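The following exercises ask the reader to work through the architecture of one protein model. Each task is followed by a solution that proceeds step by step.

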Amino acid sequence: MKTIEREVIVVGAGPGGSACAAYLARAGVDVLLLDKEIWPRDKPCGDGQTARAIPHIKELGFFDEFASKGFMSQGSLWTAPNHSTIEFPAGGGYCTPRRIFDDEVRHTAMRFGAEMIENAWVYDVILEDGFVKGVKAKINGEYLELRSKLVVGADGSHSLIAQKIGMFHDTDENACVVGRCYVQVDPKDFAGKVEIHLDKDVMPGYVWIFPERNNIVNLGLGFQRSLYNKSTGVKTLQETLRKWIEESPFGKPVRGKKWIGEFRGWRIPNDMGVDRKDNYVNGCMLIGDAASLIVPFSGEGVGPAMDSALIVSDVAQTALKKNDFSGEVLKEYKTRYDEKNVQPVMMAWKMNAMLANQDAVNAMFLPENRQKLAAAMGIAHHI
Ligand SMILES: Cc1cc2nc3c(=O)[nH]c(=O)nc-3n(C[C@H](O)[C@H](O)[C@H](O)COP(=O)(O)OP(=O)(O)OC[C@H]3O[C@@H](n4cnc5c(N)ncnc54)[C@H](O)[C@@H]3O)c2cc1C
């Protein structure tokens, strides 16, 4: 079997993996980025790049290119199960199709010197003496061993790397089902705001309409997988979305409109990894969805993926300097990520539980509670 050797291998070229490869390559690290897809590729998403992702886009130097292709949010409209509404001013975020956005981040990594191989399906890790020492991959039909001092698992919500190192958990309580399609709207029916509809049929969860360029909107919904049971009567994502379009007064802009392309569903790991797992073992760290870093309730995951990418890049550089890739050195990643995230995540978890109750949600829309709602839902990070 042919063998390749590098300092760091990053598996997965989503915003997490590509940002990590970009930060590493910029620091002079010899980094190889692998992805199983042929690029540019699509990724089911609301396509929202929140105010938490923007600093990374600026720091990595592709903001102008990005902004010229995206749609800057004009503020947001939130609706409650009893149809009361709240509007918030724009939070500085954008909506850009992931096919475009992810490709920008990937090209940025390559500009900094990261080598990228597409059509590279990683199917195992190389484990020796208790350390991850690389990955096994099928690349363009050829089986290869790719060795490295460190592996970064950035392979998304169904992460093979997380599974191989024993850090993949999947229960109906810690996973959400989420899906989206695209619709062309008439601008006279739609104000171009980010819309979040806390509808009774999807609680805790929501239907969204996110505006993109040329009067296209990203229309989707998501909820905890445990809602799929007889007592709630929740059916498939598509059926639930079609019901909302027909029955909700807020469905008007997308009612009777043909969906562009296919409706695509996905899994969101909704346990945030704060108490559940460390996201590192000897020789390996997980980031983004592979590390379950999605913010509970909002489902925001691009910003957390890029935040974790930056920290992992720093910690990897420390490990390379010390020539020590043990968990003892890599644990700094968890410490640094948790410092900023444990508190807001715990708050989001509490909100998530509360958002299963219609009366409680309606109460949050009362004028005296709106500031609390904004804070709890992380409007600061939202689009
Ligand atoms: C419907 C939906 C709507 C969402 N809306 C938003 C939103 O509006 N804003 C937001 O911030 N977040 C949103 N999220 C969450 C967001 O999409 C994720 O958090 C984000 O994509 C995580 O980035 P990542 O780099 O960790 O993983 P990904 O973007 O999933 O990238 C993982 C990459 O790994 C590759 N890969 C996987 N397995 C292998 C393998 N075995 N070998 C090689 N390569 C592999 C994949 O091809 C992929 O390119 C949404 C999620 C869904 C499902």
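Two strands are taken to pair if DSSP finds at least two bridges between them. The model used throughout is predicted.

**Exercise 1. Describe the pairing around strand 11, including the turn that leads into it.**

Step 1. Begin with the hairpin of strand 10 and strand 11, which has 2 residues between the strands. Strand 10 covers residues 131-139 and strand 11 covers residues 142-153. The two strands run antiparallel and are joined by 6 bridges. Within this pairing, Ala 137 has Leu 144 as its bridge partner.

Step 2. Examine the loop of this hairpin. Asn 140 lies there, and its phi is positive, about 50°, although the residue is not a glycine. Gly 141 is found in the loop as well.

Step 3. Classify both residues by burial, where 12 or fewer C-beta neighbours within 10 Å denote an exposed residue. Asn 140 has 10 C-beta neighbours inside 10 Å and therefore counts as exposed. Gly 141 has 6 such neighbours, so this residue also counts as exposed.

Step 4. Turn to the parallel partners. Strand 1 (residues 2-11) runs parallel to strand 11, with 9 bridges, and Ile 9 stands opposite Val 151. Strand 18 (residues 284-286) is likewise parallel to strand 11, joined by 3 bridges; here Gly 153 stands opposite Leu 286.

**Exercise 2. Which strands stand at the edges of the open sheet with the order 3-7-4, and how is strand 4 paired with strand 7?**

Step 1. Read the order: this open sheet has 3 strands, and their pairing is antiparallel.

Step 2. Identify the edges. Strand 3 (48-49) and strand 4 (71-72) each have a single partner strand, so one side of each is left without a neighbour in the sheet.

Step 3. Inspect the pairing. Strand 4 and strand 7 (residues 94-95) are antiparallel over 2 bridges, and Phe 71 stands opposite Cys 95.

**Exercise 3. Characterise the hairpin of strand 5 and strand 6, then locate the cis peptide bond and the positive phi of Asp 129.**

Step 1. Strand 5 (residues 76-79) pairs with strand 6 (residues 85-88) in the antiparallel sense over 4 bridges. Thr 79 has Thr 85 as its bridge partner.

Step 2. The hairpin has 5 residues between its strands, and His 83 in the turn takes a positive phi of about 75°.

Step 3. The cis peptide bond joins Trp 39 and Pro 40, with omega about 0°. Pro 40 belongs to the loop between strand 2 (31-34) and strand 3.

Step 4. Asp 129, in the loop between strand 9 and strand 10, has a positive phi near 50°. Its 7 C-beta neighbours inside 10 Å are why Asp 129 counts as exposed.

**Exercise 4. Set out the relation between the two domains, and state where the ligand lies with respect to them.**

Step 1. Fix the division: domain 1 comprises 2-74 + 92-171 + 270-352, and domain 2 comprises 175-268 + 354-381. Their centres, taken over C-alpha atoms, are separated by 27 Å.

Step 2. Consider the contacts. In domain 1, 31 residues are in contact with 30 residues of domain 2. Helix 8 (residues 327-354) gives the most to the side of domain 1 that touches domain 2, with 6 residues. That side divides into 13 nonpolar, 13 polar and 5 charged residues.

Step 3. Examine the shell around the ligand. It holds 42 residues, and the closest are Gly 12, Gly 14, Gly 46, Gly 288 and Gly 301. Among the elements that each supply at least two residues are helix 1 (15-26), strand 12 (175-184) and helix 7 (302-322). By class, the shell has 18 nonpolar, 15 polar and 9 charged residues.

Step 4. Conclude: both domains give residues to this shell, so the ligand lies between them.

**Exercise 5. Which residues of the largest nonpolar core touch the most other members, and where does this core lie?**

Step 1. Among the 106 residues of the core, Cys 20, Val 152 and Ile 287 touch the most other members. Helix 7 gives the most to this core, with 11 residues.

Step 2. Because domain 1 and domain 2 both give residues to the core, it lies between them.

Step 3. Follow Ile 287 as an example. Leaving aside its neighbours within four places in sequence, Ile 287 is in contact with residues including Cys 20, Val 152, Ala 305 and Val 312.

Definitions and conventions:
Residues numbered from 1 in each chain as written. Predicted model: local features only at pLDDT ≥ 70, side-chain atom pairs only at ≥ 80, totals over all residues. Domains from an automatic or database assignment. Contact = placed C-beta atoms within 7 Å. Nonpolar A, V, L, I, M, F, W, Y, C, P; charged D, E, K, R; others polar. Near = placed C-beta within 6 Å. Core = buried A, V, L, I, M, F, W, Y, C linked by C-beta atoms within 7 Å. Buried ≥ 20, exposed ≤ 12 C-beta atoms within 10 Å, placed from the backbone.
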